[in-house]
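Biologist: I would like to go through this protein chain with you. Could we begin with one helix and then turn to the chain as a whole?

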Amino acid sequence: MKVEQVVVDARGVQLPGELAVPSPATGLVIFAHGSDSSRHSPRNKYVAQVLDRAGLGTLLFDLLSPDEARDRRNVFDIPLLAERLTAAHGWARRRPGLGDLPVGYFGASTGGAAAVWSAGGGVGDGVGDGVGDSATGRASEVRAVVSRGGRVDLAGPQLADVTAPTLLVVGELDADVLRLNRESQQRLRCVNRLEIVAGATHLFTEPGTLERVAELAREWFRAHL
């Protein structure tokens, strides 16, 4: 499998990432990490490795530059994070060998909100070189979304506009986030499911819980990509 260190150009902001593409690849999953995390998130990297072994390419990248990340307001600026995710999607579409792959999003914590916001068509990728780069065009290309412990409630105005099948995965012991996901699920009009992982807290550090997240994500993307 080919693994590359890449740089995603998001409206002139250079964001480092890691692209893994098995051969053959049946799809591409773009990751959106949560607050206080990065492309090096061990939890996202574990899920990405499971997806890679299932024949899915993965792109993990930093949503913010180092200077931007030092400002806590940016960490919770969901429209900005969603814009970066959409830009990464556009970048992948223009990259040789990736353009024809069906694309899914995997978001964690605030990255879950970014994934839903982007999939709902809330932002464009800022390239402007064709209809496919419009907000609506890019969102229509998102085939599936998986949120792990996601604050999808923060994407409130976009929830009803998501058309991609969406899986919400929340830890049983993550009470506040579980409540917010249940409320958010009621606003989704797309095919959707809420999976509660027994014995798991917000970061899924309990034995076997992250493995369960990876299994659920793998099967969801297999079914919908």
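**Helix H4 and the chain around it**

Modeller: Helix H4 covers residues 78-93, and its 16 residues should span 22 Å at 1.5 Å a residue; the end C-alpha atoms are 22 Å apart, which agrees. Please note that this is a predicted model.

Biologist: How many residues of H4 are buried?

Modeller: Of its 16 residues, 14 are buried, so H4 is mostly covered.

Biologist: How many helices and strands are there in the protein chain?

Modeller: The protein chain has 8 helices and 8 strands.

Biologist: What is the radius of gyration, and what would a compact globule have?

Modeller: The protein chain has 16 Å, which agrees with the value near 17 Å for a compact globule of 225 residues. Along the principal axes, its C-alpha trace spans about 45 × 35 × 35 Å. In addition, 56% of the 225 residues count as buried.

Biologist: What share of the contacts comes from residues 24 or more positions apart?

Modeller: Such residues account for 69% of the contacts with a separation of 6 or more.

Biologist: Changing topic, where is Gln185? Is this residue buried or exposed?

Modeller: Gln185 is in helix H7, residues 175-185. Its relative accessibility is 18%, and buried means under 20%, so Gln185 counts as buried.

Biologist: Which residues does Gln185 touch, leaving aside those up to four places away in sequence?

Modeller: Gln185 touches Leu168, Asn192, Arg193 and Leu194.

Biologist: Finally, how far apart are the mean positions of the positive and negative charges?

Modeller: The mean positions of the 25 positive and 27 negative charges are 2 Å apart.

Methods
Residues numbered from 1 in each chain as written. Predicted model: local features only at pLDDT ≥ 70, side-chain atom pairs only at ≥ 80, totals over all residues. Heavy atoms only, no water. Helix = DSSP H or I, 4+ residues; strand = E, 2+ residues; numbered from the N terminus. Rg over C-alpha atoms; globule rule 2.2 N^0.38 Å. Buried < 20%, exposed > 50% of the residue type's maximum accessible area, 1.4 Å probe, protein only. Contact = heavy atoms within 4.5 Å. Lys, Arg positive; Asp, Glu negative; His and termini not counted. Charge placed at Lys NZ, Arg CZ, Asp CG, Glu CD. Expected span 1.5 Å × (residues − 1).
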